[in-house]
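Please open the model in your viewer and keep the sequence panel beside it, since each stop on this tour begins with a selection. The tour starts at an enclosed space and then moves outward to helices, cores and loops.

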Amino acid sequence: MLRALCLWVPDWPVLAAVRDGAARAGVPLAVVAANRVVACSSAARAQGVRRGQRRREAQSLCPVLVVLPHDDDRDHRLFSPLVDALESLVAGVQVVRPGLVMLGARGPARYYGGERAAALALRAALAEEGVPDARIGIADGAFTADLAARDALADAPVRIVPPGAAAAFLAPQPVAALDDPELAALLGRLGVRTLGEFAQLPAEAVRDRFGERGAHRHALASALDARGLVPRIPPLDLERVLELEPPLDRVDQVAFAVRRLADEVVETLAGHRLVATAVRIGFRDELGGESERAWLHPRSFRPSEIVDRVRWQLSGATRTAGSAPGAPTGPDLRAAIARVRIVPESLDALAHHEPGLWGSGPDERVHHALARVQSLLGHEAVLTAQRSGGRTLAERRVLVPWGDRAVLPRPLDRPWPGALPQPAPATVYASRHPVVVVDARGETVSVDERLRLSAAPAGFAPSAGGAVRPIASWAGPWPLEERWWDPARARRAHRLQVVDAGGVAWLLVLEGASWWAEAKYD
């Protein structure tokens, strides 16, 4: 059985709010989420406020109660420095939630000369960070250690359950300690009110009656906690910053200066057996202005490719009109660059990017050729088409610069009511061609409010004049109505699929009073 150490900071959401300056220390304070109290100060508890109470009930008990909304980001942000302080003393810290951490007790106990000595060392580290009250429980299993920490008192903040005594410690605890209100209420109706009584029930009977969740709670009550700890992996310090003194005002100068920084970023990642598939590059100019952008890569960044991204990003901030983006001569910048920051954002294992057994020559040659075109003509010079979600054909195509992963403006996997049925046209015109759709009498075909055609379409021809293509068959119209609630952006159209006498299928669109040829089925 794992010997676990649990460190608990009581009322952490309240303490975090005070440390953040949202409230004063010592006042009756409650942190509320979903209209219920999730944490309260000792001054509020003295007035009868308890965790789980409704907000109105808590305010009726304590009229001067200060109520703050729960801020999970604040709890994590302010608890992170405390975790760093603990990790400076011990390894393998698992953050259960802000204010509660777990770690194995064996290593710290051997290092500090005993479990109590290790617990006192951790409490002293938190006291130096301004957290005077921290309770520590040490027991067999994380569940028992958690309850031991909550059972500790302010004047006796360390509670150690001897090895092998976890079941005896858990026996008198109420079933509410399982943190499962539904199961606790049901057990209470069955006359089972303590963990010891619950543990005496046959395991098979509990599984049959309460399922896997009940079986897991039964194992916890029986001191058979088989969960292992998942320690937090401290984040790697991969950010690299280059201070330019004096500031540089030309693209080629900044790109040359960044080469060593790019090498350092890639070498540091390789030392950790990692590669970067996304990097964020930021600049600060001599006037104090800042800009940054995230760059993606289909595989992983090399130093030269990071330098290319630096040059492309700076090429948009030049003052020379008409210069080619990324040109090697490098136009002047509007403001000289004083600081460059490179941060790998998305990491992957180096083993996933090793060349195959027979190499990857063709793919590499294609990538190098297109990347070379980009380096000469700019990042937007080589584009690839990606499928996106949407109702119209134009919306379902996104052009992405080579090397970037597509960030779809409209999710592809969602339903899009009003979209054309499959199959989609193979040829979609960059700009629609105006046409005229006529019936057998030569009159323009229209669509009324009930989606009825004024007459069967017999042919269509370019609006500018030309031969009429007879229509052999047709289907539709397929209506499209978007943003009807916004007069400025509302759109209403009708799509018609037709096959001409030559067997060629077309997609025609009626928008307003005009017909358009939007695509062709090849």
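Begin with the lining of the largest cavity, which by class has 5 nonpolar, 1 polar and 4 charged residues; here Ala, Val, Leu, Ile, Met, Phe, Trp, Tyr, Cys and Pro count as nonpolar, Asp, Glu, Lys and Arg as charged, and the others, Gly among them, as polar. To see this lining, select R391, T392, L393, L420, L480, R491, A493, R495, V509 and E518. Strand β18 (residues 491–500) gives the largest share of the lining, 3 residues. The volume of this cavity is about 50 Å³, and the count comes to 2 cavities of 30 Å³ or more. A cavity is a set of points, on a 1 Å grid over the protein atoms alone, where a 1.4 Å probe fits but cannot get out, and its lining residues have an atom within 4 Å of a point. Grid points are joined across faces, edges and corners, and the volume is the space filled by probe spheres set on the points.

Before going on, note that this is a predicted model, in which local features need pLDDT of at least 70 and side-chain atom pairs count only at pLDDT 80 or more, while totals for chains, interfaces and linings use all residues. Residues are numbered from 1 along each chain as its sequence is written, and side-chain values use heavy atoms, with hydrogens and water left out.

Now colour the whole chain by secondary structure, which shows 14 helices and 20 strands; helices (H or I, at least four residues) and strands (E, at least two) are DSSP runs, numbered from the N terminus. Of the 522 residues, 41% count as buried, where buried means under 20% relative accessible area, exposed over 50% and partly exposed in between, with a 1.4 Å probe and protein chains only.

Next, select helix α9 (residues 181–189), in which L183, A184, L186 and L187 are buried. These residues lie on the same side of α9 because they cover an arc of only 165 degrees around the axis, the arc being that of the directions from the helix axis to the C-beta atoms. Turn to the other side of α9, and P181, E182 and R189 are exposed there. Add α10 (195–199) and α11 (203–221) to the display, since both are among the elements that cover the buried residues of α9. Just after α9, G191 takes a positive phi of about 90 degrees.

Stay in this region and select F143, L170, L178, L187, L195 and F198, which touch the most other members of the 30-residue largest nonpolar core. Such a core is a set of buried Ala, Val, Leu, Ile, Met, Phe, Trp, Tyr and Cys residues joined through side-chain atoms within 4.5 Å. The largest share of this core, 6 residues, comes from α7. Centre the view on F198, whose contacts (heavy atoms within 4.5 Å) include L178, L183, L187, V192 and V206, not counting residues up to four places away in sequence. A second, separate core has 27 residues, among them V254, F301, I337 and V340.

Go next to helix α1 (residues 12–19), and pick out its buried residues W12, P13, V14, A16 and A17. They pack against β2 (29–33), β3 (36–40), β4 (66–69) and α4 (72–87). After α1 comes G21, with a positive phi near 85 degrees.

The last stops concern the backbone and the loops. Which peptide bond is cis, with omega near 0 degrees? Select E245 and P246, for the cis bond runs from the former to the latter, and P246 has its place in strand β9 (residues 240–250).

Two further residues have a positive phi without being glycine:

- A223, with phi near 60 degrees, lies in the loop between α11 and β9 and counts as buried at 13% relative accessibility.
- L451, with phi of about 65 degrees, lies in the loop between β15 (427–438) and β16 (459–462) and is partly exposed, with a relative accessible area of 35%.

Finish at D155, in the loop between α7 and β8 (158–160), where the residue is exposed with a relative accessible area of 68%. The C-alpha atoms of D155 and D133 are separated by 9.6 Å, with their positions 22 residues apart along the chain.

Methods
On a 1 Å grid over the protein atoms alone, a cavity is a set of points where a 1.4 Å probe fits but cannot get out, and a pocket is an open set with protein on both sides within 12 Å along at least five of seven lines; lining residues have an atom within 4 Å of a point.
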